[in-house]
Amino acid sequence: MSEVLYQKLQNLLKREQIRINEPLAKHTTFQIGGPADYLLLPEKDTQVAEAVVLCKEEGIPFFILGKGSNLLVSDEGYRGVIIKLAENFSHIDIKGNKVTAQSGASLYDMADSIAEHGLCGFEFASGIPGTLGGAVTMNAGAYGGEMKDIITDAVVMDLNGNKHYLKKEELRLGYRKSVVQEEHMVVLEASFLLEAGREEDIRAGIAELTRKREEKQPLEYASAGSTFKRPEGYFAGKLIMDSELRGYQVGNAQVSEKHCGFVINKGGATAQEVYTLIQDVIRIVYEKQGVRLEPEVRLLGDFGNKKGKASK
Ligand code: FAD
């Protein structure tokens, strides 16, 4: 990537906020992914806006990264600019029943602060290892709850760096989708209205969900959680299990023996191995069960003939 771009980036951010050839394996829960030309760690909305506008003007692809917990990055990495919001942008504000947090806040930290303030309704999200921005974009959900149930509004940024205030309806949240994905926006913050409860009960609820996750999910391995979306009327994990794919392996990528809906990195798996395994699972499940699975995990970078779409 050009020296000119680097100089322009230095006009927007401090040197320590710009990483060059940064291995994305360090920024994804799969622990997989080659280098990004640039990874930026902005601290202010204005820096995000300026970076987005600069990329647009220069015709350089960019990608908004949270904690990379729903992401498979190719072995060749990403030829463009990654804007990571997870390490900064993590302020959480709680007043009465209203919670407002910046998009880089981790759901773990939010669940903890919310419990401390005696508010309930966020417990379902307590074990999802992502940021608020990723959760709003994906309309993350678990154990019968989803972002859509509690969110009231969000502040987003468009590709021209302009901020917009969107009400819940305008976010168009559906099963693992949102207007943010469709229109390539950036979530800057979001607000929720929650019910009052007893901290003790809320923490007991969180502990129970943690126990369920630990019992059912292969948390001891690197993964991106449920690899496939739930097809209407089915469970992806059961379809995969019924297709005799439990433990199916490509290199060091494996269909988890503990939970067939998870593809895991057994250690040193490449993105290509995970990608091939995902394609194999889709093909075999379709042949045996007649249902076409769709990945929930987002692809970033080049995967053979198929280009992993630059997100969204
Ligand atoms: P990333 O993976 O970094 O990004 C995901 C997508 O969101 C990308 O398209 C990215 O561009 C976009 N994005 C991220 N931040 C922003 C932003 N601020 N503005 C605009 N776009 C943004 N998911 C569930 O829904 N339920 C679960 O129960 C669940 N369990 C999981 C368990 C494990 C062990 C793991 C590893 C993952 C699990 N996930 C689950 C998947 C994942 O944690 C969620 O999808 C999460 O919401 C992703 O957040 P993130 O910050 O990691 O996003």
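This tour moves through a predicted model, from a sheet and its covering helix to the nonpolar cores and then to the charged pairs.

**The open sheet**

Begin by selecting the five strands of the open sheet, which follow the order β6-β7-β13-β11-β12 with antiparallel pairing. At its edges stand β6 (92-95) and β12 (163-167), each of which has a single partner strand, so one side of each is left without a neighbour in the sheet. Viewed along the sheet, neighbouring strands are turned against each other by 15° on average, when direction is ignored.

Next, isolate β7 and β13, which run antiparallel and are joined by 5 bridges; here T100 can be found opposite S191 in β13. While β13 is still selected, go to L193, which is found in this strand and is exposed, with a relative accessible area of 52%. Leaving out residues up to four places away in sequence, L193 touches N97, K98, I150 and T152. If you draw a C-alpha to C-alpha distance from L193 to Y108, it comes to 18 Å, for two residues that are 85 apart in sequence.

**Helix α3 and the cores**

Now add α3, which lies across β6, β7 and β13 and runs at about 25° to β6. Its buried residues are L107, M110, A111, S113, I114 and A115, and just after the helix G118 takes a positive phi of about 65°.

Which residues have the most contacts inside the largest nonpolar core? They are M110, F122, M147 and F192, in a core of 36 residues. At least two residues each come from β7, α3, α4, α5, β11, α6, β13 and α7, and α3 gives the most, with 5 residues. Centre the view on F122, which, not counting residues up to four places away in sequence, touches L107, M110, A111, I114, M147, I150, F192 and L194. A second, separate core has 29 residues, among them L245, V255, A271 and V285.

**Charged pairs along the chain**

The structure holds 23 salt bridges, and a few of them reward a closer look. Select E58 and K8, whose closest N and O atoms are 2.7 Å apart; this pair links helix α2 (residues 45-58) with helix α1 (residues 3-12) across 50 residues of the chain. Both ends are partly exposed, E58 with a relative accessible area of 32% and K8 with 33%.

Move on to E296 and R176, where the closest N and O atoms of the salt bridge are 3.3 Å apart. E296 lies in the loop between α9 and β19, and R176 in the loop between β12 and α6, so the pair ties together parts that are 120 residues apart in sequence. Here both partners count as buried, E296 at 11% relative accessibility and R176 at 10%.

**Helix α7**

Finish on helix α7, where R203 and E199 lie 4 residues apart, about one turn of the helix, and form a salt bridge with their closest N and O atoms 2.8 Å apart. Further selections worth making are E208, R211, E215 and K216, which are linked in a network of salt bridges.

The last stop is R213, in the same helix α7 (residues 199-216). R213 is buried yet has no salt bridge, and the nearest side chain of opposite charge, that of E214, is 9.1 Å away. Leaving aside its neighbours within four places in sequence, R213 is in contact with F124, G127, I128, A142, Y143 and L219.

How values were computed. Residues numbered from 1 in each chain as written. Predicted model: local features only at pLDDT ≥ 70, side-chain atom pairs only at ≥ 80, totals over all residues. Heavy atoms only, no water. Buried < 20%, exposed > 50% of the residue type's maximum accessible area, 1.4 Å probe, protein only. Lys, Arg positive; Asp, Glu negative; His and termini not counted. Salt bridge = Lys/Arg side-chain N within 4 Å of Asp/Glu carboxyl O. Contact = heavy atoms within 4.5 Å. Core = buried A, V, L, I, M, F, W, Y, C linked by side-chain atoms within 4.5 Å. Pairing = 2+ DSSP bridges. Axes fitted to C-alpha atoms, helices over the stretch in contact; angles between N-to-C directions.
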